[in-house]
Amino acid sequence: MIIVTGATGALNGATVDQLLKRVPPHHIGVSVRDPARAQHLADRGVRVRQASYNNPQALRRSFADADQVLLVSSSDQSSDVVAQHDRAIDAAVDAGAHRILYTSAHGTAFDTPYPPLRIHAATEHHLAESGVAWTALRNGFYGDPSQLLGAWQETGVIAMPADGPFSWVDRRDAAEAAAAILTADKPLDGPVDLTLPEPVTLADFAASASEVTGHQIDRVVVDDETWVRDAMNNGVPEEVARFTLSMFQATRSGHFANSDPMLTRLLGRRPRSITDQLRERIADGQVSDPPR
Ligand SMILES: NC(=O)c1ccc[n+]([C@@H]2O[C@H](COP(=O)([O-])OP(=O)(O)OC[C@H]3O[C@@H](n4cnc5c(N)ncnc54)[C@H](OP(=O)(O)O)[C@@H]3O)[C@@H](O)[C@H]2O)c1
């Protein structure tokens, strides 16, 4: 059985949807904090059990019969997430899982300015020490582009700190790749980079945004401290602004400059490009057209 945590979240929810296209529902189980939110999966024949990363006993119960367990990286910022991940890994080992997979991130390392990568590095270290086969799905960045690009639709400019090359994948592609790995004949061991075929920069985003909107969108580099001050003036807490800044600092150190053909290979097609992603979001009304 394949057990997936965080199946009521965006990434692993999409992974379960992809798994359902590949294996019978009774081969899939989910371990979720709120089973009521997984009723649609229970209705399709997926085993639904309740557990949080704070409850080892419930985790072990929810991982029973697992051949593979896919752990989502916790979004619970009020907790020690490394300890949560360690508990989940230990519970999967105790439950007898043969392989543990984890949604890690591209560029995972201890020596980086971007704090989440240190969390992933600590978790991968615990996986490597677990004695069980493991796979870290090192996804490129993904999510709502407006958080990355700022208010470009209103202003016509992407005014952010200096950046460097990084990967920006579509979450659906990351989920499809996870399902492909979980159902492959031959397992992938250790860290697997799931990136675009070539990294991108915010200048590339400006070019793509210009292409899909038909309007000139310019990339403007804002000095770090000016950008933090402007963000705070717009009501963003300093801590949050500095966290975002640390991501840009990590990109410009070349931390995310490498790319890997694995995502393309797993999908059997090119991953959705940033132009594809922006075009689709504009068509869906998720990103509005900039003013003329
Ligand atoms: N690479 C990137 O650019 C990137 C971007 C965004 C996020 N991430 C990371 O990737 C993860 C998945 O992303 P996503 O887009 O699917 O985020 P999401 O929709 O917020 O999903 C996070 C999942 O974590 C679960 N969770 C939180 N605390 C938990 C706990 N104590 N015990 C068990 N499960 C817990 C949540 O459960 P509920 O459904 O019950 O809330 C949810 O299902 C995030 O948690 C974050 O660590 C990476």
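In which strand is N139 found? The legends below take up this residue and several other sites of the predicted model.

**Figure 1. Close-up of N139 in strand β6.** The strand that holds N139 is β6. N139 is classed as buried because 25 other C-beta atoms lie within 10 Å, where 20 or more are required. Leaving out residues up to four places away in sequence, N139 touches T103, A105, H106, V169, A174 and L194. N139 and L196 are 57 residues apart along the chain, and their C-alpha atoms are separated by 9.7 Å.

**Figure 2. Helix α5 and the elements that cover its buried residues.** Helix α5 comprises 15 residues, 115-129. From its first C-alpha to its last, α5 reaches 22 Å, close to the 21 Å expected at 1.5 Å a residue. Its buried residues are L117, H120, A121, T123, E124 and L127. The cover over these buried residues includes helix α4 (81-94) together with strands β5 (99-105), β6 (133-139) and β8 (190-194). Just after α5, G131 adopts a positive phi of about 85°.

**Figure 3. The largest nonpolar core, with V30 and A92 among its members.** This core holds 74 residues, of which V30, V69, A92, I100 and A178 touch the most other members. Helix α8 (residues 171-182) supplies the largest share of the core, seven residues. In soluble globular proteins, nonpolar side chains tend to be buried together. Apart from its neighbours within four places in sequence, V30 is in contact with V4, A7, V16, A38, L41, V46 and V48.

**Figure 4. Close-up of A92 in helix α4.** A92 has 31 other C-beta atoms within 10 Å and is therefore buried. When residues up to four places away in sequence are not counted, A92 touches F63, A66, V69, A97 and I100. The C-alpha atoms of A92 and F63 are 6.1 Å apart in space, while the two residues are 29 residues apart in sequence.

**Figure 5. The shell of residues around the ligand.** The shell contains 25 residues, and G6, G9, L11, Y53 and S75 come nearest to the ligand. The elements that give two or more residues to this shell are α1 (10-20) and β5. Helix α1 gives the most, with three residues. By residue class, the shell divides into eight nonpolar, 14 polar and three charged residues. A UniProt annotation from an unreviewed entry, "domain: NAD(P)-binding", covers residues 6-184. That span is 41% helix and 17% strand, and its end C-alpha atoms lie 21 Å apart.

**Figure 6. Close-up of D65 in the loop between α3 and β4.** D65 follows helix α3 (56-62) and precedes strand β4 (68-71), in the loop between them. D65 is not a glycine, yet it has a positive phi of about 75°. Most residues other than glycine have a negative phi. D65 counts as exposed because it has 11 C-beta neighbours inside 10 Å, and the limit for this class is 12 or fewer.

**Figure 7. Close-up of D276 in helix α13.** Helix α13 spans residues 274-283 and includes D276. With 15 other C-beta atoms within 10 Å, D276 is partly exposed. D276 and V212 are 64 residues apart in sequence, and the distance between them in space is 8.8 Å, C-alpha to C-alpha.

Conventions: Residues are numbered from 1 along each chain as its sequence is written. This is a predicted model: local features need pLDDT of at least 70, side-chain atom pairs count only at pLDDT 80 or more; totals for chains, interfaces and linings use all residues. UniProt positions are given in the numbering used here, feature names are shortened, and annotations may be inferred rather than shown by experiment. Helices (H or I, at least four residues) and strands (E, at least two) are DSSP runs, numbered from the N terminus. The expected span of a helix is 1.5 Å times one less than its number of residues. Two residues are in contact if their C-beta atoms, placed from the backbone, lie within 7 Å. A nonpolar core is a set of buried Ala, Val, Leu, Ile, Met, Phe, Trp, Tyr and Cys residues joined through C-beta atoms within 7 Å. A residue is near a molecule or strand if its C-beta atom, placed from the backbone, lies within 6 Å of it. Ala, Val, Leu, Ile, Met, Phe, Trp, Tyr, Cys and Pro count as nonpolar, Asp, Glu, Lys and Arg as charged, and the others, Gly among them, as polar.
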